[in-house]
Amino acid sequence: MFSAVDYYAGDPILGLMEKYKADQNPKKVNLGVGVYYDNDGILPVLECVKKAEAQIANPVKARPYLPMEGLAGHRLACQELLFGKGAKVLEENRVATIATIGGSGALKVGAEFINQWFPQSKCYVSDPTWGNHIAIFENADVEVGKYPYYDAQTGGVKFDEMIAFFNTLNKDDVLLLHPCCHNPTGVDLTQAQWDIVLNLVQEKGLVPFMDIAYQGFGEDMEADVYAIRKAVDMGLPLFVSNSFSKNLSLYGERVGGLSVVCPTEDEATRVFGQLKFGVRRIYSSPPSHGGHVVDIVMNDDALNAEWVEEVYAMRDRIQQMREQLRAVLESKVEGRDFSYLTTQKGMFSFTGLTPEQVAKLQSDYAIYLVGNGRMCVAGLNTNNIEYVANAMADVLK
Ligand code: LMR
């Protein structure tokens with residue numbers, strides 16, 4: 001009966017993690033998946049999360065189904081982080097927000113909504129983008145196209161080409177945008193470039209869908225949402241998917257959110273209802289533990305302040321690793337520019353290594369990068385950085 005079922009080749013990012021786990025080399029280094037490890041190579045449990053979990057555990061509570069849209073405190077946390085505490089758009093009740101199963105769940109519910117209510121819309125993603133963006137939208141029967149983004153020659157953005165491309169799109173086409181810490185390149189737009197993009201979005205009647213999985217890892221909590229707040233100020237309709245996997249180090253709890261900014265409260269009410277209906281059809285309602293952690297940490301002033309500091313400590317350690325790797329590589333490899341390591345933002349660096357060089361790093365050194373040359377800098381630490389730099393210098397020879 002199942003002989004016609006295709007074999008699955010595996011996911012380019014998650015499959016790499018499985019391969020890394022099975023590798024017996026004691027020197028192995030995981031620079032593949034977008035996960036933050038501390039300087040000892042340990043996945044941290046944030047102090048603010050430990051305190052929230054202590055509250056959840058004592059006394060032990062019953063686990064009813066959550067509402068389809070998730071906990072009110074989780075949803076409020078998403079809204080205040082993205083749009084700002086007391087933001088006018090929140091006071092006007094123009095944002096429909098649901099808690100979701102990670103950022104991927106938000107993308108899925110959003111993509112299904114677009115397919116149902118805007119069946120003519122195509123979704124355009126940056127070239128390159130996180131591979132799952134394409135998979136999730138296509139799986140929701142939304143046609144996906146690519147817009148020019150990364151310029152391998154300059155290590156920057158093909159800005160003029162991108163703008164020229166946006167000019168060719170149709171009203172209601174969706175633009176999947178990364179407000180900060182672009183995945184996989186780490187190359188972000190400047191605020192001035194965002195202004196130009198968003199003016200064009202408004203002029204052409206395009207619909208921005210901003211996927212933010214790394215808030216706090218770029219500049220800071222506020223600067224990282226510049227594009228989101230600017231779009232709201234301009235009165236644009238807007239989809240935002242956000243994730244707490246990275247900035248709460250809650251990967252396995254699958255906590256995120258989907259927010260849709262609407263022109264009026266009535267529209268937001270309709271959209272909210274349809275998002276709930278969408279959730280009901282896909283997974284009924286979200287799980288509760290991660291939602292309670294988000295609710296407690298984000299809505300308690302002291303825990304929230306502690307959380308922000310912990311995120312900044314992760315961000316700063318990544319930055320130190322960027323600087324150290326750049327310095328060591330510059331001392332070992334002549335005639336090659338490594339400045340991208342310190343200008344790119346967030347967890348990822350697009351190294352420019354070819355698939356062959358990435359394969360050699362894996363086979364000869366047990367160093368795991370994604371095949372497109374993406375390195376998760378957060379997997380570097382003071383114990384493995386010299387080893388990684390030497391290996392990179394070797395494959396670059
Ligand atoms: C990544 O890009 O590595 C992360 O977002 C994890 C994933 O699900 O791919």
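Me: Why is C181 called buried?

Reply: This is a predicted model, in which local features need pLDDT of at least 70, side-chain atom pairs count only at pLDDT 80 or more, and totals for chains, interfaces and linings use all residues. Residues are numbered from 1 along each chain as its sequence is written, and side-chain values use heavy atoms, with hydrogens and water left out. Buried means under 20% relative accessible area, with a 1.4 Å probe and protein chains only as cover. C181 has a relative accessible area of 3%, so C181 is buried.

Me: What makes C78 buried or exposed?

Reply: The relative accessible area of C78 is 0%, and C78 is therefore buried.

Me: How do you know how many disulfides there are?

Reply: A disulfide is a pair of cysteine sulfur atoms within 2.5 Å. By this rule the count is zero. For C78, the nearest cysteine sulfur is that of C180, 15 Å away, and C78 is in no disulfide. For C181, the nearest cysteine sulfur also belongs to C180, at 3.9 Å; that value is not within 2.5 Å, so C181 is in no disulfide.

Me: Why is the pair formed by the ligand and the side chain of R374 called a polar contact?

Reply: A polar contact is a pair of N or O atoms within 3.5 Å. A polar side-chain atom of R374 lies 2.7 Å from an oxygen atom of the ligand, so the pair meets the cut-off. An N or O atom in the side chain of W130 is 2.9 Å from a ligand oxygen, and for K246 the corresponding value is 3.1 Å.

Conventions:
Polar contact = N/O pair within 3.5 Å; in protein donor to acceptor, adjacent residues only side chain to side chain. Buried < 20%, exposed > 50% of the residue type's maximum accessible area, 1.4 Å probe, protein only.
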